[in-house]
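Q: Got a moment to go through the labels on this one, and where each comes from?

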Amino acid sequence: MTVAKAQSEQKSQFWDGGYALVEGLLDETKLDFATRAIDASDRQGVMRRRSDPFLELADDEYSPVFGEILLRHCRPRIEAVIGRPLLETCAYWRIYRAGSLLKPHRDRVACEISATLTISSEPEGQVWPIFVEDLHGTEVPVTIAPGSGLVYQGAKVKHWREPLLSGSHRQLLLHYVLKDGRFRDHVFDKRDTDPIMRRPASESD
């Protein structure tokens, strides 16, 4: 299958069903760096267990610098898949541990277009699917290999994870809004400056 045909099928699935699996968003080097960076944040106590009605027994960090860099790095590939230009809102990374679960929910509008990327898991090779309810009401389990990502309409598609039975799972969450959409004012999650370049949000491309 050609790249163009694959992208056409992904685009159709994304807009018709609400999600598409995109392989190879991050290479091995970026995965290794991200794993080390997440673990460093965890050791330094930067990761936090939020009071979130949808999330249990998981720690995350809002807007880590490397996460924001990957948010920008992945944007062109995701734009090519969905066929629409995007603006960045924010990145999270998260460590799920034994007993972690993510209850069924939809995201806030600043996460209009989202991607969840698997970074690594322990033990290596552990399979822990995310479930989505597509735009037709069908529930689907999706397994995401390290470096790949599930791109979905975050504010429309219900998604969740069943309890993680053992080990741990590192995940990167990337959030965008459509550049020509109704939520474009959520660029940089309404922060005053680009979190990477430290330039005014009004200068965003």
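A: Sure, and handedness is a good way in: a crossing is left-handed if the near helix is turned anticlockwise from the far one by less than a right angle, and right-handed if clockwise. This is a predicted model, where local features need pLDDT of at least 70, side-chain atom pairs count only at pLDDT 80 or more, and totals for chains, interfaces and linings use all residues. Numbering starts from 1 along each chain as its sequence is written, and side-chain values use heavy atoms, with hydrogens and water left out.

Q: Which hand does the crossing of H2 and H3 have?
A: H2 passes H3 in a left-handed crossing.

Q: Why is H2 called roughly antiparallel to H3?
A: The axes of H2 (residues 28-43) and H3 (residues 65-82) cross at roughly 155° and come within 11 Å. Angles over 145 degrees count as roughly antiparallel, so H2 gets that label relative to H3.

Q: What makes the contact between H2 and H3?
A: Contact means heavy atoms within 4.5 Å. H2 brings Lys 30, Phe 33 and Ala 34, while H3 brings Phe 66, Leu 70 and His 73.

Q: How do you know that the chain is as compact as a globular protein of that length?
A: The globule rule is 2.2 Å times the number of residues to the power 0.38, with the radius of gyration taken over C-alpha atoms. For 205 residues the rule gives 17 Å, and the chain has 16 Å, which is close, so the comparison holds.

Q: What share of the chain is buried?
A: Buried means under 20% relative accessible area (1.4 Å probe, protein chains only), and 52% of the 205 residues are buried.

Conventions. Axes fitted to C-alpha atoms, helices over the stretch in contact; angles between N-to-C directions. Helix = DSSP H or I, 4+ residues; strand = E, 2+ residues; numbered from the N terminus. Parallel < 35°, antiparallel > 145°, perpendicular 65-115°, else oblique. Buried < 20%, exposed > 50% of the residue type's maximum accessible area, 1.4 Å probe, protein only.
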